[in-house]
Amino acid sequence: MSNGNRRPVAAGNWKMNLLRRDAEVLCQGLTGGLPAKLEGAGAADVVLFPTATLLTTVARQIQGSAISLGGQDMHPDASGAHTGDVSGPQLADAGCGWVLCGHSERRQDHGEDDALIGRKARAATDHGLLPLICLGESGNERRAEQTLAVLRRQLTAALASKPASFEIAYEPIWAIGTGEVATPEIAQQAHAFLRQTLAELVGEERAATTRILYGGSANPSNVADLIAQRDIDGFLVGGASLDSGKFLDIIDVCARHRG
Ligand code: PGA
(Lines give C-alpha, C1' and ligand atoms only; values in the text may rest on other atoms or scores of the structure.)
Protein backbone atom coordinates (compact mmCIF):
# COMPACT_ATOMS: atom_id res chain seq x y z
CA MET A 1 0.00 0.00 0.00
CA SER A 2 1.43 3.40 -0.92
CA ASN A 3 1.12 6.34 1.43
CA GLY A 4 -1.64 7.70 -0.82
CA ASN A 5 -3.98 5.44 1.12
CA ARG A 6 -3.00 6.87 4.48
CA ARG A 7 -4.25 10.33 5.40
CA PRO A 8 -1.17 12.49 6.13
CA VAL A 9 -0.73 14.08 9.55
CA ALA A 10 0.83 17.47 10.30
CA ALA A 11 1.51 17.58 14.04
CA GLY A 12 2.96 20.53 15.97
CA ASN A 13 4.95 19.76 19.13
CA TRP A 14 5.22 23.06 20.97
CA LYS A 15 7.37 21.53 23.74
CA MET A 16 7.86 23.85 26.75
CA ASN A 17 7.20 27.03 24.79
CA LEU A 18 4.69 29.90 24.67
CA LEU A 19 2.47 31.73 27.13
CA ARG A 20 -1.32 31.93 26.79
CA ARG A 21 -1.27 35.12 24.73
CA ASP A 22 1.34 33.68 22.31
CA ALA A 23 -0.72 30.50 21.99
CA GLU A 24 -3.83 32.52 21.12
CA VAL A 25 -1.99 34.48 18.43
CA LEU A 26 -0.46 31.32 16.96
CA CYS A 27 -3.84 29.55 16.90
CA GLN A 28 -5.50 32.55 15.26
CA GLY A 29 -2.82 32.50 12.58
CA LEU A 30 -3.41 28.80 12.00
CA THR A 31 -7.21 28.81 12.02
CA GLY A 32 -7.21 31.89 9.78
CA GLY A 33 -4.91 30.23 7.24
CA LEU A 34 -6.28 26.73 7.43
CA PRO A 35 -9.36 26.77 5.17
CA ALA A 36 -7.46 28.18 2.22
CA LYS A 37 -4.61 25.76 2.74
CA LEU A 38 -6.88 22.73 2.90
CA GLU A 39 -9.23 23.81 0.14
CA GLY A 40 -9.51 21.34 -2.72
CA ALA A 41 -7.68 18.72 -0.75
CA GLY A 42 -8.72 18.60 2.86
CA ALA A 43 -6.96 15.34 3.22
CA ALA A 44 -4.71 15.85 6.21
CA ASP A 45 -5.04 15.59 9.96
CA VAL A 46 -3.67 18.58 11.86
CA VAL A 47 -2.83 18.17 15.56
CA LEU A 48 -1.30 20.54 18.09
CA PHE A 49 0.57 19.35 21.17
CA PRO A 50 0.85 22.33 23.57
CA THR A 51 2.10 22.35 27.17
CA ALA A 52 -0.53 21.17 29.67
CA THR A 53 -1.20 24.70 30.96
CA LEU A 54 -2.14 25.84 27.44
CA LEU A 55 -4.51 23.00 26.59
CA THR A 56 -7.75 24.73 27.53
CA THR A 57 -6.68 27.97 25.83
CA VAL A 58 -5.85 26.12 22.62
CA ALA A 59 -9.01 23.99 22.84
CA ARG A 60 -11.07 27.19 22.88
CA GLN A 61 -9.14 28.72 19.98
CA ILE A 62 -9.42 25.72 17.66
CA GLN A 63 -13.06 24.95 18.41
CA GLY A 64 -14.97 24.44 15.15
CA SER A 65 -11.78 24.19 13.10
CA ALA A 66 -10.19 21.10 11.55
CA ILE A 67 -7.38 21.15 14.14
CA SER A 68 -7.18 18.47 16.85
CA LEU A 69 -5.53 18.68 20.25
CA GLY A 70 -3.06 16.42 22.04
CA GLY A 71 -1.07 16.21 25.26
CA GLN A 72 2.72 15.97 25.29
CA ASP A 73 2.80 13.18 27.87
CA MET A 74 0.56 11.32 30.33
CA HIS A 75 0.87 9.13 33.42
CA PRO A 76 -0.32 5.54 32.95
CA ASP A 77 -2.60 5.77 36.01
CA ALA A 78 -6.01 7.40 35.73
CA SER A 79 -5.64 9.46 38.93
CA GLY A 80 -3.84 9.48 42.26
CA ALA A 81 -0.70 10.56 44.10
CA HIS A 82 1.56 11.53 41.18
CA THR A 83 2.61 15.11 41.77
CA GLY A 84 3.36 17.01 38.59
CA ASP A 85 1.81 14.45 36.27
CA VAL A 86 -1.29 14.59 34.10
CA SER A 87 -3.61 11.64 33.41
CA GLY A 88 -5.37 10.37 30.33
CA PRO A 89 -8.84 11.28 31.62
CA GLN A 90 -7.56 14.79 32.42
CA LEU A 91 -6.22 15.18 28.88
CA ALA A 92 -9.49 13.93 27.40
CA ASP A 93 -11.40 16.28 29.70
CA ALA A 94 -9.30 19.20 28.39
CA GLY A 95 -10.32 18.37 24.83
CA CYS A 96 -7.47 16.12 23.72
CA GLY A 97 -7.87 13.29 21.24
CA TRP A 98 -4.16 12.50 20.96
CA VAL A 99 -1.14 12.12 23.25
CA LEU A 100 2.59 11.85 22.61
CA CYS A 101 4.19 8.80 24.23
CA GLY A 102 7.93 8.35 24.56
CA HIS A 103 9.27 11.56 23.05
CA SER A 104 13.08 11.42 23.25
CA GLU A 105 13.08 14.47 25.53
CA ARG A 106 10.89 12.54 28.01
CA ARG A 107 13.21 9.55 27.70
CA GLN A 108 16.27 11.79 28.29
CA ASP A 109 14.97 14.35 30.80
CA HIS A 110 12.81 11.98 32.84
CA GLY A 111 14.45 8.59 32.37
CA GLU A 112 11.40 7.07 30.70
CA ASP A 113 12.14 3.53 29.56
CA ASP A 114 10.60 1.39 26.85
CA ALA A 115 8.35 -0.52 29.27
CA LEU A 116 6.87 2.65 30.79
CA ILE A 117 6.19 4.03 27.33
CA GLY A 118 4.34 0.82 26.47
CA ARG A 119 2.17 1.22 29.58
CA LYS A 120 1.42 4.83 28.68
CA ALA A 121 0.39 3.89 25.14
CA ARG A 122 -2.01 1.27 26.45
CA ALA A 123 -3.42 3.61 29.10
CA ALA A 124 -3.94 6.23 26.39
CA THR A 125 -6.22 4.01 24.35
CA ASP A 126 -8.00 2.80 27.49
CA HIS A 127 -8.98 6.46 28.01
CA GLY A 128 -9.98 7.08 24.41
CA LEU A 129 -6.80 8.88 23.33
CA LEU A 130 -4.76 8.07 20.24
CA PRO A 131 -1.10 7.63 21.22
CA LEU A 132 1.56 8.98 18.87
CA ILE A 133 4.44 6.74 19.89
CA CYS A 134 7.80 8.46 19.37
CA LEU A 135 11.01 6.56 18.81
CA GLY A 136 14.39 6.99 17.15
CA GLU A 137 18.08 6.37 17.52
CA SER A 138 20.80 8.65 18.88
CA GLY A 139 23.77 9.77 16.80
CA ASN A 140 26.03 7.32 18.61
CA GLU A 141 23.64 4.45 17.98
CA ARG A 142 23.52 5.32 14.27
CA ARG A 143 27.32 5.51 14.03
CA ALA A 144 27.53 2.13 15.79
CA GLU A 145 25.07 0.73 13.20
CA GLN A 146 22.56 0.02 15.94
CA THR A 147 19.70 1.97 14.36
CA LEU A 148 17.52 -0.92 13.28
CA ALA A 149 18.08 -2.86 16.50
CA VAL A 150 17.11 0.21 18.56
CA LEU A 151 13.97 0.82 16.49
CA ARG A 152 12.92 -2.80 16.78
CA ARG A 153 13.45 -2.78 20.55
CA GLN A 154 11.55 0.49 21.06
CA LEU A 155 8.64 -0.50 18.83
CA THR A 156 8.29 -3.98 20.30
CA ALA A 157 8.24 -2.62 23.86
CA ALA A 158 5.80 0.17 23.03
CA LEU A 159 3.31 -2.32 21.60
CA ALA A 160 3.83 -5.07 24.19
CA SER A 161 0.86 -3.87 26.23
CA LYS A 162 -1.33 -3.91 23.10
CA PRO A 163 -2.73 -0.41 22.71
CA ALA A 164 -6.01 -0.59 20.78
CA SER A 165 -4.80 1.97 18.25
CA PHE A 166 -1.67 4.03 17.68
CA GLU A 167 0.37 6.03 15.21
CA ILE A 168 4.18 6.23 15.12
CA ALA A 169 6.67 9.11 14.91
CA TYR A 170 10.21 8.28 13.81
CA GLU A 171 12.41 10.97 15.30
CA PRO A 172 16.16 10.40 15.02
CA ILE A 173 17.58 12.18 18.07
CA TRP A 174 20.49 13.62 16.09
CA ALA A 175 17.99 15.47 13.86
CA ILE A 176 15.83 16.99 16.63
CA GLY A 177 16.33 20.72 17.00
CA THR A 178 19.69 20.53 15.22
CA GLY A 179 18.78 21.73 11.74
CA GLU A 180 20.27 18.45 10.49
CA VAL A 181 17.28 16.78 8.87
CA ALA A 182 17.47 13.10 7.88
CA THR A 183 17.81 12.70 4.12
CA PRO A 184 14.71 11.26 2.43
CA GLU A 185 16.66 8.02 1.83
CA ILE A 186 17.71 7.63 5.46
CA ALA A 187 14.23 8.44 6.73
CA GLN A 188 12.54 6.11 4.22
CA GLN A 189 14.85 3.25 5.21
CA ALA A 190 13.87 3.66 8.88
CA HIS A 191 10.17 4.06 8.07
CA ALA A 192 10.14 0.98 5.83
CA PHE A 193 11.87 -1.01 8.57
CA LEU A 194 9.33 0.18 11.13
CA ARG A 195 6.44 -0.79 8.86
CA GLN A 196 7.93 -4.21 8.22
CA THR A 197 8.45 -4.71 11.98
CA LEU A 198 4.88 -3.53 12.58
CA ALA A 199 3.66 -6.21 10.16
CA GLU A 200 5.42 -8.83 12.28
CA LEU A 201 3.99 -7.42 15.50
CA VAL A 202 0.41 -6.49 14.59
CA GLY A 203 -0.16 -7.95 11.13
CA GLU A 204 0.10 -6.70 7.55
CA GLU A 205 -3.23 -4.91 7.52
CA ARG A 206 -2.62 -2.72 10.54
CA ALA A 207 0.95 -2.09 9.44
CA ALA A 208 -0.35 -0.86 6.09
CA THR A 209 -2.78 1.62 7.65
CA THR A 210 -0.61 2.96 10.51
CA ARG A 211 0.68 6.47 9.89
CA ILE A 212 4.45 6.78 10.45
CA LEU A 213 5.43 10.44 10.80
CA TYR A 214 8.93 11.84 10.48
CA GLY A 215 10.25 14.29 13.09
CA GLY A 216 13.56 16.14 13.39
CA SER A 217 14.21 19.58 11.87
CA ALA A 218 11.24 19.25 9.50
CA ASN A 219 10.56 22.59 7.82
CA PRO A 220 8.80 23.93 4.71
CA SER A 221 11.88 23.48 2.55
CA ASN A 222 12.44 19.77 3.25
CA VAL A 223 8.98 18.23 3.83
CA ALA A 224 8.00 17.79 0.16
CA ASP A 225 10.95 15.49 -0.57
CA LEU A 226 10.33 13.55 2.62
CA ILE A 227 6.60 12.95 2.11
CA ALA A 228 7.30 11.82 -1.45
CA GLN A 229 8.82 8.70 0.15
CA ARG A 230 6.57 5.67 0.17
CA ASP A 231 6.46 5.13 3.95
CA ILE A 232 6.49 8.72 5.23
CA ASP A 233 2.97 9.83 6.19
CA GLY A 234 3.47 13.28 7.69
CA PHE A 235 5.47 15.15 10.28
CA LEU A 236 5.91 15.81 13.97
CA VAL A 237 7.25 19.35 13.88
CA GLY A 238 8.95 21.15 16.76
CA GLY A 239 10.59 24.50 16.03
CA ALA A 240 8.80 25.23 12.75
CA SER A 241 5.39 24.63 14.36
CA LEU A 242 5.84 27.76 16.49
CA ASP A 243 5.61 29.90 13.34
CA SER A 244 2.10 29.87 11.84
CA GLY A 245 3.34 30.61 8.31
CA LYS A 246 5.85 27.77 8.36
CA PHE A 247 3.43 25.31 9.92
CA LEU A 248 0.71 26.23 7.42
CA ASP A 249 3.16 25.56 4.60
CA ILE A 250 3.88 22.11 6.08
CA ILE A 251 0.13 21.46 6.42
CA ASP A 252 -0.26 22.50 2.79
CA VAL A 253 2.36 19.99 1.61
CA CYS A 254 0.65 17.24 3.63
CA ALA A 255 -2.83 18.13 2.36
CA ARG A 256 -1.77 18.21 -1.27
CA HIS A 257 0.10 14.93 -1.06
CA ARG A 258 -1.46 12.14 -3.10
CA GLY A 259 0.91 9.22 -2.61
P1 PGA B 1 12.26 19.88 15.76
O2 PGA B 1 11.58 18.94 16.89
O3 PGA B 1 11.30 19.95 14.60
O4 PGA B 1 12.45 21.20 16.44
O5 PGA B 1 13.55 19.22 15.37
C6 PGA B 1 10.86 17.79 16.55
C7 PGA B 1 10.38 17.07 17.78
O8 PGA B 1 11.13 16.94 18.75
O9 PGA B 1 9.20 16.62 17.85
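Here is a short conversation about a predicted model, held between a visitor and a guide.

Visitor: Which residues come nearest to the ligand, and what share of the ligand's area does the protein bury?

Guide: Of the 13 residues around the ligand, Lys-15, His-103, Glu-171, Gly-177 and Ser-217 come nearest. A polar side-chain atom of Lys-15 sits 2.7 Å from a ligand oxygen, and a polar side-chain atom of His-103 sits 2.8 Å from an oxygen atom of the ligand. Taken alone, the ligand exposes 290 Å², and the share of this that the protein buries is 95%.

Visitor: How far is an oxygen atom of the ligand from a polar backbone atom of Gly-177?

Guide: Gly-177 is among the residues that come nearest to the ligand. Here the protein partner is a polar backbone atom, and its distance from an oxygen atom of the ligand is 2.6 Å.

Visitor: Lys-15 has a positive phi; where does that residue lie, and what is the value?

Guide: Happy to show you! Lys-15 belongs to the loop between β1 (9–13) and α1 (20–38). The residue is not a glycine, yet its phi is positive, near 55°.

Visitor: And Ser-217: is that residue buried or exposed?

Guide: Ser-217 lies in the loop between β7 and α10 (223–227), with a positive phi near 60°. Its relative accessible area is 18%. The cut-off for burial is under 20%, so Ser-217 counts as buried.

Visitor: Let's turn to the strands. Which residue of β6 is the bridge partner of Leu-132, and which residue of β7 is the bridge partner of Tyr-170?

Guide: Strand β5 (residues 130–135) runs parallel to β6, joined by four bridges. On another pairing, β6 and strand β7 (residues 212–215) are also parallel, over three bridges. The partner of Leu-132 in β6 is Glu-167, and the partner of Tyr-170 in β7 is Tyr-214.

Visitor: Which residue of β6 points the way Glu-167 does?

Guide: A good one to check by eye. In a regular strand, side chains alternate between the two faces of the sheet. In β6 (residues 167–170), Ile-168 and Tyr-170 point one way, with all four residues buried. Pointing the other way, together with Glu-167, is Ala-169.

Visitor: How far is Ala-169 from His-103, going by C-alpha atoms?

Guide: Ala-169 is in strand β6 and counts as buried, at 0% relative accessibility. Beyond four places in sequence, Ala-169 touches Leu-132, Ile-133, Cys-134, Leu-135, Leu-213 and Leu-236. His-103 is 66 residues away along the chain, but the C-alpha atoms are separated by 8.9 Å.

Visitor: Which helix gives the largest share of the largest nonpolar core?

Guide: Nonpolar side chains tend to be buried together in soluble globular proteins. The largest core here has 63 residues, and Leu-48, Val-58, Tyr-214 and Phe-235 touch the most other members. The largest share of this core, seven residues, comes from helix α11 (residues 244–256).

Visitor: How many residues are in the second core?

Guide: This core is separate from the largest one. Val-9, Val-47, Leu-130 and Leu-132 are included in it, and its residues number twelve.

Visitor: One last stop: which residue offers a backbone oxygen 2.9 Å from the side chain of Arg-195?

Guide: Arg-195 lies in helix α8 (residues 184–202) and is buried, with a relative accessible area of 9%. Its contacts beyond four places in sequence include Arg-6, Asp-231 and Asp-233. The backbone oxygen 2.9 Å from a polar atom of its side chain belongs to Thr-210.

Methods
Residues are numbered from 1 along each chain as its sequence is written. This is a predicted model: local features need pLDDT of at least 70, side-chain atom pairs count only at pLDDT 80 or more; totals for chains, interfaces and linings use all residues. Side-chain values use heavy atoms; hydrogens and water are left out. A nonpolar core is a set of buried Ala, Val, Leu, Ile, Met, Phe, Trp, Tyr and Cys residues joined through side-chain atoms within 4.5 Å. Buried means under 20% relative accessible area, exposed over 50%, partly exposed in between (1.4 Å probe, protein chains only). Helices (H or I, at least four residues) and strands (E, at least two) are DSSP runs, numbered from the N terminus. A polar contact is a pair of N or O atoms within 3.5 Å; within protein, one must be able to donate a hydrogen and the other to accept it, and residues adjacent in sequence count only if both atoms are side-chain atoms. Contact means heavy atoms within 4.5 Å. A residue is near a molecule or strand if one of its heavy atoms lies within 4 Å of it. Accessible areas come from the Shrake-Rupley method with a 1.4 Å probe; for residues, only the protein chains shown count as cover. Two strands pair if DSSP finds at least two bridges between them.
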